[in-house]
Structures are given as C-alpha cells and as structure tokens.
Amino acid sequence: MELTFDRLTKQFQNKIAVDRFSYTMENGVYGLLGANGAGKTTLMRMLCTILKPTSGEILYHGANIDGMGADYRDILGYLPQNFGYYPDFSARDFILYMASLKGIQGKATKRRTEELLQMTGLSDVANQKIRTFSGGMKQRLGIAQAILNDPKILVLDEPTAGLDPRERIRFRNLISDLSQDRIVILSTHIVSDVEYIADQILMMKKGRLLLDGSPASLTANAAGLVWTLNVPDGEARSYENNYCICNLRHIGNMAELRIVSKEKPAPAAQNVPANLEDLFLYHFADELSPKDIHSEGGEWE
Amino acid sequence: MKTLIGYEKKKLLRRKSAMIACLLMVLCIFAASLVVISDQSWFQEDCTELSGIRAIRAERAVTQTQAGLLTPERLKSTLRRFHMVYGEPSNYNSETGSLQEEVYCREISPYRRILTLLARVYAPSGFYDIKVLNDVTEEMADSFYEIRHANVRTLLNIELTTGNFTQAEKDTALKLDQQVSRPFYYNYTGGWKALLTRTFSLSFLLITLALCVIISPVFGYEYQTGTDAVVLSAKRGRGEIVRAKITAGFLAASEVYALGVCAMLLCVLVPFGAEGWNCEFQLLSETSFYSLKIWQVALLGILINYIVMLSVMAFTMLLSAVCKTPFAAVIASMLCTAVPLFFPASNTSSLLNHILALLPAQAMDTYTVFSAYMFFPAGKTVITLPYMIPIAASVLIMAALPLAHRGFCKHQVV
C-alpha cells in the first residue's frame, strides 16, 4: 500500500497552513508531531477529502484520491480533532448510524457494532445518550467509529485528547494491534503518545515537513545536544533565559536542568542520550530559531 | 438507505427545538381557532345576542332547516319575504326610521346568509348593503345566475392600474365560470368559511414556520455538532446520505404537516361542524370562477399548500447546506416565508403582484387563491393561479435540491 503526498499545499487567504508537503507512506504507524498551528490537522483534513488542497495532490496507489470518490472513502477511517457527535443518540445508535454511513450492511452491522463497543469499553453504557458521556468516553466512541469499517488508512487527529493515563495506554495498545497491513496516521503534540508505537515520525512546523524518520534515528541524530546540569535554585532562571530547558526538577536547594543546546551550557553539564521530547521541544520552543540548527547542525534537513 | 433515512429523521424530530416547534404550532392553531369561535355572534328571534359556541349552534340549527337548492323560486320567496318586511311601514321605528330590531332579528336575521349572497350578486361592485335588495324585483331572481356570471365578466373588463386582462385570460375565466354548477346547494357553511377565510392561511404559515425550525438543521446540524468531518469522509457521506437527508426532511415535514392539518381541521370543524362541504365555493366567494365544491377547494388548498410547504423546505435545506449554522438557516428561511406577508399589493406593477402571489405567504391563502383574478401567460394558453402555484413550487424544489446536494458535498471542514 502506498500513499503519496505530492507538493501538497493549502493556503487560507494570507496564511499558508500546509506548504508543499511531500512524503510517501507505506504500511505502518506514522506519528505526526508539531505544535498547534503547524498544519497537522489541515494535512489530515485534506487526506480525508474534507478540505480541498490549494495545489498538489494525494495519490493512493498512484490514483488521485479526489477522483476515487466513494472507493477511497471506503478504505478510510477518520477521527477528527474535535470529534462531533449527536447528543440525543445512544452510543449504539451512533455506531449503527456510522456503520450504515460506511456502507456496512446486514448482520455484519450489529456484530461489528457490539464488537467495537466491547473493544472500547462502552458496552455497559451503549444505550445511554452520548450527551451523558465523559470526554474520554466520547473519544473512545470516536475511535470506535473510525475503525468500524476496518480501514486501510486510519487517520487519527489528536486521538488521546481527553483520555486519562490508563485509557491512553489502552489506546496505544489498540493502535499497535491495528497497525498490521494498514497505514495509521496519528497526529499529536504529546510526544509520548507516538514515541513507542510510531514506526515513523513526521515533524511539521509552519506547514512544512521539518524532519522525518524512525524515533530511534531521529533521537540518534540529536546525540550530543542534550545535557543535564545541577545548579543552585537561584541560577536556574538565567539558564531558562538563555537555553531551551526541557525539564526542570527541584531537589532541595538545587535545580536539575535538562537542556537542549548545540553548545555545552556549562563546564559541569553532562551529555545524555536525547529522546523524542527533547527533539520536539528543541524545535518548537519559541525562543529558538530553526535557522540556528540548519546553519550549523545541517543533519536536521 | 432505509436505515439512513430512519436515523436522519430521528435526528430531526428528536431535537428539543423540533418538539417545542411542534407543540407551539398546535397551540397557536388551537388559539387561532378559539379567536375565530369567540368572534361568532348570532341574534335570536328575541334579539338576544349569542356568541361563541352558542352562536354557532344556534346558527347551525336555523340554517340547516333552510338547506336545499337555491333555485330561482327559492330566491324569489326569499326576496318576497324581504320586500314584505321592508315594505311594511309598521316594521320601522318611528323615531329613527330604521327597521325595528326585533323585526330584523325575527324576519331577516335567519335568512341573512342568503340575503347577503343576493345582495353581493345584485349590488354594484364593491357595495354590499343588504338594502340594495329593495331595488331587486322578484322577476330578477330568475336571472340570478346569469347576473352572477355577468359580474364575473364585469370584473374581467375592469380597468386596472396594473394593466387590463388579456382576451385569452378573460376567455379562460369565463369558460371556467360557465362550468360552475347551478343552482347552488345551500346549507350552513360557517365551519368552512371560518376554515378557509380565517384559519387556513394562518395555520399553514404556522406549520411552515415550525417546519423551518425542524428542517433547518438537516445539513447544518452536522456543521454545528462537528460531525461533518466524519460524515463527509465516510463512504456514503456524499451520495446516499444527501438523498437520505432530503428524503428524511420531506418525510418529517410531511408528518408534521399532517399533524398541523389534522389539528387545524379538528379545531375548526369540530365546534363548527362540517355541514356545507358539498356546497359550491361560490357561496363563500360569489365571483370565484372555479367550478368547485367547498370540500374540493379545501382539499386542493391542503394539497397546493403541501407542495408550497415542500418548496419552502427545499429552500430551507439549501440554506441549511450553505449556511454555517442551522440558526442562520432558520432565520433566513422564516424571513423569506413570512416577510412577503407584509408587502402590500402594488398599484403599478403587475409583475410584482404576480411574484408576490406565488410566494408562500400569499400562496397559502387558499380562499384568495381561488377567488383572485390572476393569470399567468404560457405561450398561447393561460395558467390560473391555483395551477401556477404548484408549478412554481415544483420548479423551486427542483432548483433547490441539487444546489443543497452540491452545497453539502462541497462543504469544506475548516
């Protein structure tokens, strides 16, 4: 299976939300990382054919998805960022309605509905109106409808929003189980959501694909950039002003800083292995310009 | 498809606003009929004035005894009675010179419906004082139906500031008028009069406005709830779903329409009674040139208004598909439906009057539709208003639905 983004661009009046995005995906889980406004949601909406690109195209096995119409939507599962629902519908009604909308017919509809209600832990509340659901329950319902038609392309926009830690782990396991023989695209700005389950990470900034690769290769490329440093509490502020601080932990009168920097921030600083979160913060901390990285550490290009 | 239609209908009718709109519609129809009932009055022979239900009962009882064909002989005897009463000097009040009240109540009031009909036919156009019958001889009763037909001809030849009727229009109306069956069958028609002249247009307007509230979320609800993203990205999210939504919208509208019509008929015909259903419509509108019984006018009114209502719903669906919120759609559709009601007829523009007559606010006034002299040229033929309204409504439906379909399918989730 091959899904190709070819110089995909979306412009809203004066703002370019997605800027000449090109990439090819095959089976696997793709984690789309970026700060708010990076263009992740716009990209996903174009992938789901609910937003027209200004230019460029998305090809599925070489065919433009716009021309495929219902055939393309048949292999698509989508959980939007702000998942909408019908407040007066019960969970079961909603899934049955979505099943009908996705062209699932006959006995398969009820069987699949019950299966998904079970899978998402909503069986006990299946007949309750959705308006009575918690945020996490609604999100699980959204996930259930997204995978209802066993999609070849599963697009999940901020799927863990509103889920508690236990539900997040459960969700990650679910995605791992689903990742066989399909493309799963998962957008988030919570790095830990994708760190362990994504085969590939795509980092977007200002509508552009900033970098991509497996989590391991990305963090390997960031080797030598992350430092830990213990400083007295009073000095922590000056480091915060000058460096990208990924983490700050107070231990007694001391502060343990985790700093991302091309230069060693202090003689006592110790180089430590980078993780994806370090990388993310490095690129999306407002005080740092990506030009600095490109000019000296060209490995991010 | 059936499942989708079922769910779409459920979405429309299960909303609180839909239930409130239905309830308000029925309550308003009920209130309107109460006003009509309370407006009824009747003078008994002893000049006691009755009002409301008691007046209706008294008038029904008296008028039913007079039921029968309005033959020239019958008209003659009625005129004779009138002349006898008005020709007897002792029946007049010596001080005021007018007919004594008790004489009027005893001798004239029970026959006032027939006398009013006679006065309207024999009176100069626009002058309906019952006293004109003093100048009508009994022999003139022989030509009652011919004079009525001549009145229709006179109205067709009248000089209008908006332009006179064409010969084809006159011929059409006169040809239709010749088919009006005669003699007229006379009976108590108070219920049908109240229905057609007082309740019909208001009720249908209320039904349509309630339906604007109910149907406006048909597409807009998806935008409002944010479900547009999952719906439009689903396999059947741009083809079957639109057809299902439109079908569900029309089905829901038809059900609510049926509820409204039943409420209206019950609220009026239960207290008034349905007698007079088989009388000629001309008993209510003597210069109407349509050969129809009262029940046929009412039925045609219900059917015509049904098509008009569907056209308003199609327009509402179009607005729902293109507006960002159902609220915008409901406001726009309600304004388009109700505002033309307040447009006065133009004294100069025939075109404007013709357009206004086709808009829902006026098109739903069945009594006027079947009484008005309004024609639409179509090549060599002439289309009358009751035919033109469903044609125009059908055209609107056919134009609005593909646009609604397109509006929803092309909707961009931003």
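Here is a short walk through chain B, from its domains down to a pair of packed helices. Keep in mind as you look around that this is a predicted model.

Let's start with the overall layout. The domain assignment splits chain B into domain 1, made of 2–38 + 187–409, and domain 2, covering 70–161. If you place a point at the C-alpha centre of each of these domains in chain B, the two points lie 39 Å apart. The domains do touch: seven residues of domain 1 of chain B are in contact with nine residues of domain 2 of chain B. On the domain 1 side of that meeting, you will find three nonpolar, three polar and one charged residues.

Now for the interior. The largest nonpolar core has 204 residues, and Ala210(B) and Met317(B) are the ones with the most contacts inside it. Met317(B) is a good place to centre your view. Setting aside neighbours within four places in sequence, Met317(B) is in contact with Ile215(B), Val218(B) and Phe219(B), with Ile246(B) and Gly249(B), and also with Ala400(B) and Ala404(B).

Finally, turn to two helices of chain B, H4 (residues 72–87) and H6 (residues 112–122). Their axes are 11 Å apart and they pack at an angle of about 100 degrees. Angles of 65 to 115 degrees count as roughly perpendicular, so that is how H4(B) and H6(B) are placed relative to each other. From H4(B), the residues Leu75(B), Thr78(B), Leu79(B) and Phe82(B) meet Ile114(B), Leu115(B) and Leu118(B) of H6(B). By class, this contact of H4(B) with H6(B) is made by six nonpolar residues and one polar residue, with no charged ones.

How values were computed
Residues numbered from 1 in each chain as written. Chains lettered and ligands numbered in written order. Predicted model: local features only at pLDDT ≥ 70, side-chain atom pairs only at ≥ 80, totals over all residues. Domains from an automatic or database assignment. Contact = placed C-beta atoms within 7 Å. Nonpolar A, V, L, I, M, F, W, Y, C, P; charged D, E, K, R; others polar. Core = buried A, V, L, I, M, F, W, Y, C linked by C-beta atoms within 7 Å. Buried ≥ 20, exposed ≤ 12 C-beta atoms within 10 Å, placed from the backbone. Axes fitted to C-alpha atoms, helices over the stretch in contact; angles between N-to-C directions. Helix = DSSP H or I, 4+ residues; strand = E, 2+ residues; numbered from the N terminus. Parallel < 35°, antiparallel > 145°, perpendicular 65-115°, else oblique.
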